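Biologist: I am new to this structure and would love a close look at the unusual spots in its backbone. Could you take me through them one at a time?

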Amino acid sequence: MLMMAPAFCLTICGATMRTGQRPQPRAGTRTGGSAEACGGIAGGTSSDAPGDAAEGAIRAGNDGPASRAWVASSSLSSAVMRRRRWRASRRQCLPPAQAASAPQQSPAKKVSRIARYSGSSRARSSGQKPSATGVQILDQDQLGTEAKPEAIIASPAISNGRVFVVSDSALYCIGKKTAQNSSHPQSAVGTNVSSNPATFVQVVPTELLLKPGDKVNFRARLFDAQGNFIREETNASWSLDQLKGTVENGHFTAANVDAAQGGLVKATVGDISGTASVRIFPPLPWSENFDGMAVNSVPSTWVNATLKFVVREMNGTKVLVKTTEGSSLLSRARAYFGPSDWSNYTVEADINATQRRRQQGDGGVIAQRYSLTLFGNDQKLHLEPWQPETERTVVVPFTWKPDTWYRMKLEVQNLPNGTTRARGKVWPVSETEPTAWTIERVDPIPNRQGAPGIFGGALSELYFDNLKVYRNN
Ligand SMILES: [Ca+2]
């Protein structure tokens with residue numbers, strides 16, 4: 001069971017770990033993928049001090065081979081030093097009344113205790129035991145060294161009796177070398193044939209991006225209530241939901257229309273049915289003014305727009321609104337409306353920001369994973385390859401008046417030397433387009449492809465209109 005807590009702290013209840021099995025600093029194989037490739041487990045038994053076992057081999061616990069702990073390669077001397085530091089840290093972390101007895105407590109006695117494991121971005125990994133009055137730290141480890149700590153950058157994960165901890169330099173696997181079998185039922189893989197009644201129809205392929213006129217053969221597969229495969233159904237009844245085209249016996253042909261479509265291909269067997277999701281995009285150029293869409297609708301082919309964007313009437317036209325309703329988790333959103341393998345195209349959009357309680361939102365356009373974004377409160381224009389990476393972001397001051405329509409234009413071009421050039425311009429819609437680009441960057445760590453999109457961080461509402469996507473001029 002995993003529970004996320006704030007500030008990089010993740011708690012795992014019910015894990016049966018010996019506290020002697022603990023990460024070794026930088027000793028393990030990095031980012032191994034398979035459990036066998038994970039490093040950083042020091043074998044601790046009731047008779048061995050954990051550090052004494054760290055000799056790059058498999059050590060058996062005193063309860064037999066099943067408790068063997070995998071030991072990462074490291075020298076004995078450094079392991080002993082780590083063990084001493086670990087003992088000292090345990091004394092420091094335990095409450096005074098428990099500290100005196102803690103060093104004598106055998107790690108093996110802690111098997112099967114309900115324990116908590118947590119990590120912090122300050123490179124501390126710890127095992128904790130919750131109680132009615134507080135939390136007892138059973139074990140605490142330094143990842144990396146005091147001088148060069150490894151930050152834990154992701155939540156711990158559990159699989160087959162092991163705990164996986166990811167730092168910025170290594171992947172640590174805590175547990176026994178012999179994995180426990182998962183108690184979860186096996187997933188349906190289509191080979192475990194069942195004679196039970198069908199309760200689920202799977203349509204494959206299940207998620208598709210197509211072009212007008214494309215043809216696809218869909219299949220209907222039946223499964224029982226336990227997820228066991230029954231058979232491939234050849235007599236399913238096929239139909240289309242919000243898609244233009246034909247489907248007959250699973251053979252789908254997309255209509256040759258010059259408009260984006262999003263809908264479902266549906267297979268019905270008796271009284272149960274299943275669907276595949278299909279989005280169909282015509283070739284560029286595109287333009288969208290939202291005037292043909294229903295109020296309160298969301299464009300059917302867009303990704304990540306539901307509950308975040310909505311079509312609305314505004315001064316005699318329809319616009320797409322980045323709303324502020326609902327959870328604050330929805331206030332920032334990137335919505336995408338095309339294939340993710342596109343490159344060398346330009347996105348344009350009109351944007352208008354409101355102000356509420358002196359707060360003005362942020363908004364922009366996205367092309368090939370580059371964002372051209374206006375920041376309302378900062379009154380700045382950013383060109384970002386990836387927003388968290390400020391080193392590669394270009395920033396210029398920009399006076400962005402509220403309740404005023406501006407036009408944004410972002411062009412991204414892959415250059416022959418392997419770099420990618422992104423450049424943008426922003427100007428009031430009431431004025432003519434400036435000749436010069438407002439902001440530009442040639443990116444040596446390029447994003448070579450990506451879907452077009454828009455971004456809205458709505459401290460107050462933002463409006464979009466007159467979207468255009470076209471091949472670079
Ligand atoms: Ca419009």
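Modeller: Here is a walk through the backbone, beginning with peptide bonds and ending with phi angles. Please keep in mind that this is a predicted model. As background, most peptide bonds are trans, and most residues other than glycine have a negative phi.

Let us start with the peptide bond that joins Val204 to Pro205, which is cis, its omega being near -5 degrees. To find Pro205, look in the loop that links strand 11 (200-204) with strand 12 (207-210). Further along the chain there is a cis peptide bond from Leu284 to Pro285, with omega near 5 degrees. Pro285 sits in the loop between strand 20 (272-280) and strand 21 (286-288).

Now for the phi angles. Follow the chain past strand 21 and, in the loop before strand 22 (309-314), you will meet Asn304. Asn304 is not a glycine, yet its phi is positive, at about 65 degrees. How buried or exposed is Asn304? Asn304 is partly exposed, because 13 other C-beta atoms lie within 10 Å, and a residue counts as exposed at 12 or fewer.

The last stop is Arg358, in the loop between strand 26 (355-356) and strand 27 (359-360). Arg358 is also a residue other than glycine with a positive phi, here near 60 degrees. Arg358 has 9 C-beta neighbours inside 10 Å, so Arg358 counts as exposed.

Conventions. Residues numbered from 1 in each chain as written. Predicted model: local features only at pLDDT ≥ 70, side-chain atom pairs only at ≥ 80, totals over all residues. Helix = DSSP H or I, 4+ residues; strand = E, 2+ residues; numbered from the N terminus. Buried ≥ 20, exposed ≤ 12 C-beta atoms within 10 Å, placed from the backbone.
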